[in-house]
Amino acid sequence: MGVLENKIALVTGGAQGIGRAISLALAAEGANIAFSDIVLGVAAEETKELVRAKGVRVLALQSDVSQFGSAQKVVDDVVAEFQRIDILVNNAGITRDNLLMRMTEEEWDMVLDTNLKGTFNFCRAAGKQMISQRGGNIINIASVVGVIGNAGQVNYAASKAGVIGITKTLAKELASRNIQVNAIAPGFVETGMTKKLNDKQREALLAAVPMKRTAEPEEIAAVAVFLASPSARYITGQVLCVDGGLVI
Ligand code: NAI
C-alpha cells in the first residue's frame with residue numbers, strides 16, 4: 001500500500017516534464033490524479049495513460065493558470081469528480097529570458113502572470129476547498145533562480161522569488177487550518193524547458209553545480225512525494241533546494 005493511498009492530487013502543468021513526473025510519482029503511491037495544462041494534446045494523453053497504468057483514477061483538464069476564473073473552474077471540476085483535493089502542486093511555469101535592457105513588457109507580464117499569479121490563483125481556489133475540508137497540502141514549484149538570481153532571467157527570478165513569498169505567507173496563514181505549504185526549488189532539470197539552452201549555456205550552468213550533472217524530473221518528483229506524505233507532517237513554509245548543491 002502506498003503512502004498516499006486514496007488521496008486526491010491536483011497538479012498544474014502536468015502534461016509533460018516535472019509535472020508529469022510528479023503526477024506519476026504521486027500515482028505510484030496510490031493518489032488519484034487530476035492534472036491541468038494549457039494544452040491537452042498528445043503529451044497530456046500519454047500522461048493520462050501512464051497515470052492510469054499505476055492503477056489510480058485520472059482526470060485531465062484544460063486550463064491556463066494565469067486566468068483567475070479558470071483556476072476556480074478546475075477546482076470545481078476536480079471536486080465534482082473526486083469530492084476533495086488533498087494535495088495541490090503548483091507546477092505550471094514558463095521562461096521568456098532576456099537581459100533587462102532587452103526585456104519587453106510582454107515577456108515580463110507573461111512570466112509573472114503564469115508563474116506567480118498562476119500559483120496565487122490555484123492556492124486561492126484550492127485553498128478554499130482545503131479549508132472547508134479541514135486539511136490539505138500545497139507544494140509550489142519555485143526555482144533556485146528565485147533564491148540566488150540569474151542574469152537574463154529578471155522576470156523568471158522575480159516570479160519564483162514571489163512563489164517563495166507566497167509559500168511562506170500561506171504556511172503562516174493556513175497552518176491553523178491544518179494545511180501545509182512548502183516549495184521545491186529545483187536546479188537544472190532535463191525537460192522541454194531546458195532543451196532550449198545551447199551548449200555554452202549548458203556548460204556554464206553545470207560548472208556551478210558541485211554534483212556536475214543535471215537532475216532528472218523523477219528526482220524532483222520524489223521530493224514532492226515526501227512533502228505530500230505523512231513523513232513530512234511537521235514541515236511547513238520550507239523551500240527545499242533540489243539542485244546538486246548549486247546554491248551552496
Ligand atoms: P515544461 O515546459 O517541460 O513543462 C511545463 C508544463 O506547464 C507544460 O506542460 C506546459 O504546457 C504547462 N504550462 C505552461 N504554461 C501554462 C499555463 N499558462 N497554464 C497551464 N499550464 C501551462 O517545464 P518543466 O521544466 O517541467 O517545468 C515545470 C516547473 O518547474 C516550472 O514551474 C518551472 O519553472 C520549474 N523549474 C524547472 C526547472 C528546469 O530546469 N527544468 C528548474 C527550476 C524550476
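This is a short tour of a predicted model, moving from its sheet to the helices on it and then to two buried residues.

**Stop 1: the sheet**

Start by colouring the strands. You will find seven of them in an open sheet, in the order β3-β2-β1-β4-β5-β6-β7, and the pairing is parallel. Now select residues 58-62 and 239-242, which are β3 and β7. These strands stand at the edges with a single partner strand each, so one side of each has no neighbour in the sheet. As you look along the sheet, note that neighbouring strands are turned against each other by 15 degrees on average, ignoring direction.

Next, zoom in on β4 (residues 87-90) and β5 (residues 136-141). These two strands run parallel and are joined by four bridges. Which residue in β5 is the bridge partner of Ile87? Select Asn137 to see that partner.

**Stop 2: two helices on the sheet**

Keep the sheet visible and add α1, residues 17-28. This helix lies across β1 (8-12), β2 (32-37), β4 and β5, and runs at about 170 degrees to β1. Then add α9, residues 217-228. Helix α9 also packs on the sheet, where it touches β4, β5, β6 (179-186) and β7. The direction of α9 makes about 165 degrees with that of β6.

With both helices on screen, turn to how they meet. The axes of α1 and α9 are 8 Å apart, and the helices pack at an angle of about 50 degrees. That angle makes α1 oblique to α9. The crossing of α1 past α9 is right-handed.

To see the contact itself, show side chains for Gly17, Ile18, Ala21, Ile22, Ala25 and Leu26 in α1; they meet a set in α9 that includes Pro217, Glu218, Ile220 and Ala221. Colour this α1 and α9 contact by class and you get 11 nonpolar residues, one polar and one charged.

**Stop 3: a second helix pair**

Now select α4 (residues 105-132) and α6 (residues 154-174). Their axes are 8 Å apart, and the packing angle is about 15 degrees. Angles under 35 degrees count as roughly parallel, and α4 and α6 are therefore roughly parallel to each other. Helix α4 passes α6 in a right-handed crossing.

Among the α4 residues in this contact are Trp108, Val111, Leu112, Phe120 and Ile131, while those in α6 include Tyr156, Val163, Ile166, Leu170 and Leu174. By class, the contact of α4 with α6 comprises 14 nonpolar, five polar and two charged residues.

**Stop 4: Val111**

Stay in helix α4 and centre on Val111. Is Val111 buried or exposed? Its relative accessible area is 0%, so Val111 is buried. Leaving out residues up to four places away in sequence, Val111 touches Ile94, Thr95, Arg96, Leu116, Asn155, Tyr156 and Ser159. Two of these names, Asn155 and Tyr156, are also in the α6 side of the helix contact.

For a distance check, draw a C-alpha to C-alpha line from Val111 to Lys196: the two are 16 Å apart in space and 85 residues apart in sequence.

**Stop 5: Thr47**

Finish in helix α2 (residues 42-52), where Thr47 lies. Thr47 is buried as well, with a relative accessible area of 0%. Which residues is Thr47 in contact with, leaving aside neighbours within four places in sequence? Select Gly14, Ala15, Gln16, Arg20 and Phe35 to show them around Thr47. One of these, Arg20, falls within the residue range of α1, and Phe35 within that of β2.

Key: Residues are numbered from 1 along each chain as its sequence is written. This is a predicted model: local features need pLDDT of at least 70, side-chain atom pairs count only at pLDDT 80 or more; totals for chains, interfaces and linings use all residues. Side-chain values use heavy atoms; hydrogens and water are left out. Axes are lines fitted to C-alpha atoms, for helices over the stretch in contact, and angles run from 0 to 180 degrees between N-to-C directions. Angles under 35 degrees count as roughly parallel, over 145 as roughly antiparallel, 65 to 115 as roughly perpendicular and the rest as oblique. A crossing is left-handed if the near helix is turned anticlockwise from the far one by less than a right angle, and right-handed if clockwise. Contact means heavy atoms within 4.5 Å. Ala, Val, Leu, Ile, Met, Phe, Trp, Tyr, Cys and Pro count as nonpolar, Asp, Glu, Lys and Arg as charged, and the others, Gly among them, as polar. Two strands pair if DSSP finds at least two bridges between them. Buried means under 20% relative accessible area, exposed over 50%, partly exposed in between (1.4 Å probe, protein chains only).
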